[in-house]
Amino acid sequence: MLFFSFLLACSEQNQQKDELSDESEVQAPFGFLKIEEVYYSGSVPTAGIDRYYSDQFIQLRNTSDEYSIDIGGVGIGDIFGLAGEINAGYGPNSLAEYGSQPYFENMWRIPVDTPFRYLPPGGCLKIAQDAADHTPYSPYSHLDAHFETYVEQSGQDLDDPIVENLESIHYTAGYDWLVTVFGPTIVIIEPAAIEAGVVERVRGSDLWVTPSEYTLDTMEALMDENSGDFKRLHPDIDSGFQYVSGTYTGESVRRKVENDIWIDTDNSSDDFYVTQPISDCGTE
């Protein structure tokens with residue numbers, strides 16, 4: 001039965017690869033590749049545990065209805081800084097006042113030679129923290145993910161044998177890429193940014209910095225509506241922020257679509273809304 005399940009999963013992955021591999025009329029990702037959804041809050045406690053976050057995922061979308069886009073080498077990461085006054089007395093520590101360039105705690109890259117390199121018109125890409133079936137602690141399975149973030153150097157992260165890994169460019173987190181359940185800031189960057197990026201020692205942390213002009217898209221989330229002073233991104237990149245109702249609430253933030261138009265005003269307050277996760281690269 002296990003062998004049959006493995007073959008079935010392989011077949012499904014190959015089908016996904018065929019659907020996402022289209023080199024006709026391929027465009028660069030700028031202006032088309034958007035962050036569609038970020039599920040970070042963690043699951044509602046169940047099955048006898050009080051917290052579960054391994055089911056986090058991020059979805060990217062090709063918002064063009066005409067062109068395939070080349071996403072090989074695109075980078076994705078989370079920005080340095082607290083999400084809010086998580087503990088009494090904690091103040092803002094973001095680097096937004098340093099300028100508009102983003103300061104990443106972690107940076108991953110979509111492989112250039114991936115079968116998913118050419119994302120078709122309207123196509124979606126799902127990146128899982130862990131490509132696994134997360135029941136009974138979560139209602140979600142990420143065995144359908146296109147990529148997972150595998151932390152090989154930790155020696156503790158599980159590597160799904162089928163789902164492809166993102167490439168680790170700069171990593172400072174633990175055994176798993178856990179983005180903060182209090183509200184992360186996710187940024188995607190052009191492939192050229194990987195070559196232009198440098199590691200800087202700032203406020204005791206080794207951060208990966210890239211010029212702001214390579215930024216493709218952003219989603220800023222903070223702890224709550226009163227946490228605006230903790231914004232991690234300069235207003236020139238993203239002038240707002242979103243927030244869910246709390247940690248371990250099973251909520252995500254998702255990009256708005258109005259009259260078939262993907263909303264992108266460089267303001268996460270206006271561009272995203274809070275919802276229950278749609279972990280299937282759907283269009284709901």
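Q: Which side chains meet in a salt bridge at 2.8 Å, N to O?

A: Quick heads-up: this is a predicted model. To read a salt bridge, look for a side-chain nitrogen of Lys or Arg within 4 Å of a carboxyl oxygen of Asp or Glu. Here, Arg117 and Asp70 fit the bill, at 2.8 Å from N to O. Arg117 sits in the loop between β6 (103-109) and β7 (118-119), while Asp70 belongs to strand β4 (residues 68-70), so the pair ties together parts that are 47 residues apart in sequence.

Q: Okay, and is Asp70 buried or exposed?

A: The cut-off for buried is under 20% relative accessible area. Asp70 comes out at 18%, so Asp70 counts as buried. Its partner Arg117 has 23% and is partly exposed.

Q: Which residue forms a salt bridge with Lys34?

A: That's Asp264, and the closest N and O atoms are 2.4 Å apart. Asp264 lies in the loop between β18 (261-262) and α3 (268-271), and Lys34 in strand β2 (residues 33-39), so this pair ties together parts that are 230 residues apart in sequence. Lys34 is buried at 9% relative accessible area, whereas Asp264 is partly exposed at 29%.

Q: Which residues are linked with Asp264 in a network of salt bridges?

A: Lys34, Asp217 and Arg255 join Asp264 in that network. One of the links runs between Arg255 and Asp264, with N and O 3.9 Å apart. Arg255 is buried, with a relative accessible area of 1%.

Q: How many salt bridges are there in the whole structure?

A: A search of the whole structure turns up 14.

Key: Residues are numbered from 1 along each chain as its sequence is written. This is a predicted model: local features need pLDDT of at least 70, side-chain atom pairs count only at pLDDT 80 or more; totals for chains, interfaces and linings use all residues. Side-chain values use heavy atoms; hydrogens and water are left out. Helices (H or I, at least four residues) and strands (E, at least two) are DSSP runs, numbered from the N terminus. Buried means under 20% relative accessible area, exposed over 50%, partly exposed in between (1.4 Å probe, protein chains only).
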